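Colleague: Got a minute to go through this model with me? I have a few quick questions.

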Amino acid sequence: MAQSLHLLSSSSSQSFSYLSSRPNLNPFLPTQSLPFQPRRQRRQITLSASAIPPPPPPQSSSSSIDVDSVTEAEMKENGFRSTRRTKLVCTIGPSTCAAEQLEALAVGGMNVARLNMCHGTREWHREVIRRVRRLNDEKGFAVAVMMDTEGSEIHMGDLGGASSAKAEDGEVWTFSVRAFSTNLPDHTIQVNYDGFAEDVKAGDELLVDGGMVRFEVIKKIGPDVKCRCTDPGLLLPRANLTFWRDGILVRAHNAMLPTISSKDWLDIDFGIAEGVDFIAVSFVKSAEVIKHLKSYITARCRDSDISVIAKIESIDSLKNLEEIIRSSDGAMVARGDLGAQIPLEQVPSAQQKIVKLCRQLNKPVIVASQLLESMIEYPTPTRAEVADVAEAVRQRADALMLSGESAMGQFPEKALTVLRSVSLRTERWWREDKRYDATELPDIASSFSDKISEEMCNSAAKMANDLGVDAVFVYAKTGHMASLLSRCRPDCPIFAFTTSTSVRRRLNLQWGLIPFRLNFSNDMESNLNRTFALLKARGMIQSGDLVIALSDMLQSIQVMNVP
């Protein structure tokens with residue numbers, strides 16, 4: 001026996017009515033809370049808010065549903081609650097660029113493949129993108145592609161083609177702005193900033209890659225700067241350089257450099273042409289940079305739905321944090337470079353602030369840099385690294401990212417396994433202790449319709465926790481309502497159904513979402529019956545499972561058992 005509540009709103013009038021199949025129910029009596037009932041007897045509640053919908057469009061002849069094959073196998077074996085909520089991003093490099101290596105990462109839980117435009121040729125990146133797309137088409141994955149721009153900050157050259165170089169304590173190295181027509185001399189590093197030799201002074205401290213290697217400036221000889229290594233370590237091609245004077249970061253040169261360089265614009269054109277899902281912008285200083293890039297993407301390809309991710313990795317980014325995040329489609333906490341511009345002890349609080357603000361503004365956030373740095377060389381992480389990963393999961397970040405660990409490390413698959421297992425265990429501990437998230441979520445709707453969607457998602461997430469439902473189903477053509485549900489961090493997984501393959505891939509970055517591609521109509525009952533049939537046929541759900549279903553087309557909520 002079902003009971004329904006319908007709320008209809010239009011520009012001209014609003015009407016409220018309670019409908020029931022019970023003949024003696026007085027619609028004007030005060031409503032009562034629904035008692036908890038055994039699974040297959042729970043009542044159905046429907047809330048809808050929209051103008052009367054147009055007739056449903058013609059149905060596609062397709063009767064299939066696209067779902068990640070690894071998630072499908074995991075759910076069949078362990079059930080809904082076993083699914084990982086935190087997403088995983090892997091940087092692709094020499095260690096992971098082959099087709100079989102990419103498949104191994106996808107099987108291991110990679111949700112997004114990141115391409116760092118600091119390294120490799122565009123032709124190399126093009127081939128990786130096409131391998132990822134083939135993997136999705138042939139194996140049923142929804143791995144998204146993120147292109148990360150190089151940025152115009154000061155950085156090293158490519159080390160003359162070497163994959164790395166070791167700087168030992170006390171060694172003297174030359175940092176030069178000159179162009180070499182032959183091979184680089186020993187212990188010489190090219191610098192991309194022409195004013196480098198003019199800006200530094202003897203006694204300055206030079207940090208490579210956020211402090212992974214440190215040098216002290218000894219003297220300047222024309223375009224060359226002689227430096228003594230004070231903290232030994234591994235030098236990697238195109239590593240970021242910062243220099244400090246009397247304990248203060250020297251920032252004057254940064255103000256003269258554009259956020260998006262001429263090379264970056266060419267790389268962005270490449271990314272648009274290849275149809276990447278995300279473009280991450282390095283060293284964002286203001287919201288204007290993000291707005292300019294988004295308008296450029298729209299002008300170049302009006303049908304493009306590329307999302308722009310702001311990398312928070314400088315003092316300027318922190319000063320303008322909220323306006324940058326509001327203008328972007330997501331953010332990345334690039335802790336390596338950020339830790340080179342602010343005191344190390346401030347990095348944890350900065351990370352927590354960024355993660356919280358992104359959550360409040362409904363922007364996916366990635367915690368990146370040095371999560372499992374030791375696994376570049378060793379098969380197991382340090383215990384401190386494991387604790388760091390667990391803390392990022394506990395903060396409810398949308399995603400964690402591997403950089404050198406997966407790009408050029410010796411154990412990329414093992415590093416990914418560590419991220420996955422620590423994420424799963426930390427999430428399970430959170431659920432077992434009933435640590436429902438108490439983060440205050442401010443209103444972010446910009447219209448009355450958006451406000452309705454936001455309230456529905458807030459209510460659905462609370463109902464999911466209170467009723468202990470097995471999953472939340474959301475039908476979202478644009479993905480917006482699925483994103484709002486993810487923001488609420490419900491205790492159960494979110495099945496996000498969309499008609500768009502590109503939307504499905506982009507949703508794969510957001511916390512708790514299991515994205516499906518499915519052709520559906522405006523008829524919610526038909527959609528649910530078809531979805532139940534398809535998922536039951538694949539063994540992913542079973543009769544009696546309790547679900548909450550939402551739709552952004554009719555703005556409706558339903559609570560029901562799978563028939």
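Colleague: How much space lies in the largest pocket?

Modeller: About 1000 Å³. Keep in mind that this is a predicted model.

Colleague: Which residues are closest to the centre of that pocket?

Modeller: Asn116, Cys118, His119, Leu236 and Pro237. They belong to a lining of 43 residues.

Colleague: And which helices and strands each supply at least two residues of the lining?

Modeller: Two strands and three helices do. The strands are strand 5 (112-116) and strand 18 (330-334). The helices are helix 3 (122-139), helix 10 (335-338) and helix 13 (404-407).

Colleague: How does the lining split by class?

Modeller: The largest pocket is lined by 15 nonpolar, 17 polar and eleven charged residues.

Colleague: Switching to cysteines. How many disulfides does the structure hold?

Modeller: Zero. Take cysteine 457, which is in no disulfide. Its nearest cysteine sulfur belongs to cysteine 488, 6.1 Å away. A disulfide here needs the two sulfurs within 2.5 Å, so that pair does not count.

Colleague: Is cysteine 457 buried or exposed?

Modeller: Buried, because its relative accessibility is 0%. Cysteine 227 also counts as buried, at 0% relative accessibility.

Colleague: Now arginine 489. Where is it found?

Modeller: In the loop between helix 16 (480-488) and strand 22 (494-498).

Colleague: Buried or exposed?

Modeller: Arginine 489 is buried, because its relative accessible area is 5% and the cut-off for buried is under 20%.

Colleague: What does the side chain of arginine 489 make a polar contact with?

Modeller: The side chain of aspartate 398, at 3.3 Å. The arginine 489 side chain also reaches the backbone oxygen of serine 486, at 2.6 Å.

Colleague: Last one, isoleucine 290. Which helix is it in?

Modeller: Helix 7, which covers residues 287-300.

Colleague: Why does isoleucine 290 count as buried?

Modeller: Because its relative accessibility is 0%.

Colleague: What is isoleucine 290 in contact with, leaving aside neighbours within four places in sequence?

Modeller: Val281, Val284, Val308, Ala310, Ser327 and Ser328.

Colleague: And how far apart are isoleucine 290 and threonine 259?

Modeller: In sequence, 31 residues. In space, 9.9 Å from C-alpha to C-alpha.

Technical notes. Residues are numbered from 1 along each chain as its sequence is written. This is a predicted model: local features need pLDDT of at least 70, side-chain atom pairs count only at pLDDT 80 or more; totals for chains, interfaces and linings use all residues. Side-chain values use heavy atoms; hydrogens and water are left out. Helices (H or I, at least four residues) and strands (E, at least two) are DSSP runs, numbered from the N terminus. Buried means under 20% relative accessible area, exposed over 50%, partly exposed in between (1.4 Å probe, protein chains only). Contact means heavy atoms within 4.5 Å. A polar contact is a pair of N or O atoms within 3.5 Å; within protein, one must be able to donate a hydrogen and the other to accept it, and residues adjacent in sequence count only if both atoms are side-chain atoms. On a 1 Å grid over the protein atoms alone, a cavity is a set of points where a 1.4 Å probe fits but cannot get out, and a pocket is an open set with protein on both sides within 12 Å along at least five of seven lines; lining residues have an atom within 4 Å of a point. Grid points are joined across faces, edges and corners, and a volume is the space filled by probe spheres set on the points. Ala, Val, Leu, Ile, Met, Phe, Trp, Tyr, Cys and Pro count as nonpolar, Asp, Glu, Lys and Arg as charged, and the others, Gly among them, as polar.
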